[in-house]
Amino acid sequence: MSEEQRNPATTPVPCQDTQGDGRWISLHHRFVSDSKGKEPEVLFVGDSLIQLMHQFGIWRELFSPLHSLNFGIGGDATQHVLWRLSNGELDNISPKVVVLWVGTNNHGHTPEQICEGIMAIVQVIKNNLPHAHTLVLGLLPRGKTPNPLRERNATVNKLVQNAVLALPHASFLNVDPGFVLSDGTISHQDMYDYLHLTPKGYQAVCKPLHKSITSLLDKPAEN
């Protein structure tokens, strides 16, 4: 396949260790190890928005009781999650629901490429966990004021929502409660750096997410 045809968002690669401390691959190895001997009902996979969720009380309140594992790594793009899931993170577990939240870090990629990357992850999950349901979370708006990345994320959401419509083993959930205010800005009370969520922001996102997860857990297993 030529370079022009190759989509970097669907090409599994480990995250480059630009800082030199090996944290990314260490976390990956820890996830592979942590999964052994555990029987999670729910697996959370994605970037920092997934990873940081684990640090707040909302995780202990809503998701720990559901027997959840958190495989989030800050900075991950679709190609990094693809590599992780294809290299052992799904080998020892059989969750009923996989929550996928990734794509906002796919810098330099088009909405179409990012959508293809997300759907490639959905397929990897289906291949490895044929009875699991993947809940794809919509990308949040970002930046204090309107900017091209907000527009890109909104387009990705539309593409992904359409892409999962025909899939019985996946669904799309828009978790944005309305972070963009009437004047076009995002409040630091919801996103402290206009990208990552505050405890208040996580409350707004996680309440409906919890409802969707519990609804999926109550359904019969996927065939």
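Begin this tour of a predicted model by selecting Leu 43, which is found in strand 1 (residues 42-46). Leu 43 is buried, with a relative accessible area of 0%. Display its surroundings next: leaving aside residues up to four places away in sequence, Leu 43 touches Leu 69, Phe 71, Leu 90, Ile 93, Pro 95, Val 97, Val 98 and Val 99. For a view across the chain, add Ser 215, 172 residues apart from Leu 43 along the chain; the two C-alpha atoms are separated by 15 Å.

Now widen the selection to the sheet. Five strands form an open sheet in the order 2-1-3-4-5, with parallel pairing. Strand 2 (68-72) and strand 5 (170-173) stand at the edges; each has a single partner strand, so one side of each is left without a neighbour in the sheet. On average, neighbouring strands of this sheet are turned by 20 degrees against each other, direction ignored.

Return to strand 1, which pairs with strand 2 in the parallel sense over five bridges. Selecting Gly 46 shows one of the residues involved, with Gly 72 in strand 2 as its bridge partner. Then select helix 4 (residues 78-85), which lies across strand 1, strand 2 and strand 3 (97-101) and runs at about 135 degrees to strand 1.

The last stop is Arg 150, in helix 6 (residues 148-164). Which side chain of opposite charge is nearest to Arg 150? It is Asp 183, 7.7 Å away; Arg 150 is buried yet has no salt bridge. Look instead at backbone oxygens: that of Gly 143 lies 2.8 Å from a polar atom of the Arg 150 side chain, and the side chain of Arg 150 reaches that of Lys 144 at 3.0 Å.

Notes: Residues are numbered from 1 along each chain as its sequence is written. This is a predicted model: local features need pLDDT of at least 70, side-chain atom pairs count only at pLDDT 80 or more; totals for chains, interfaces and linings use all residues. Side-chain values use heavy atoms; hydrogens and water are left out. Helices (H or I, at least four residues) and strands (E, at least two) are DSSP runs, numbered from the N terminus. Buried means under 20% relative accessible area, exposed over 50%, partly exposed in between (1.4 Å probe, protein chains only). Lys and Arg count as positive and Asp and Glu as negative; His and the chain ends are not counted. A salt bridge is a side-chain nitrogen of Lys or Arg within 4 Å of a carboxyl oxygen of Asp or Glu. A polar contact is a pair of N or O atoms within 3.5 Å; within protein, one must be able to donate a hydrogen and the other to accept it, and residues adjacent in sequence count only if both atoms are side-chain atoms. Contact means heavy atoms within 4.5 Å. Two strands pair if DSSP finds at least two bridges between them. Axes are lines fitted to C-alpha atoms, for helices over the stretch in contact, and angles run from 0 to 180 degrees between N-to-C directions.
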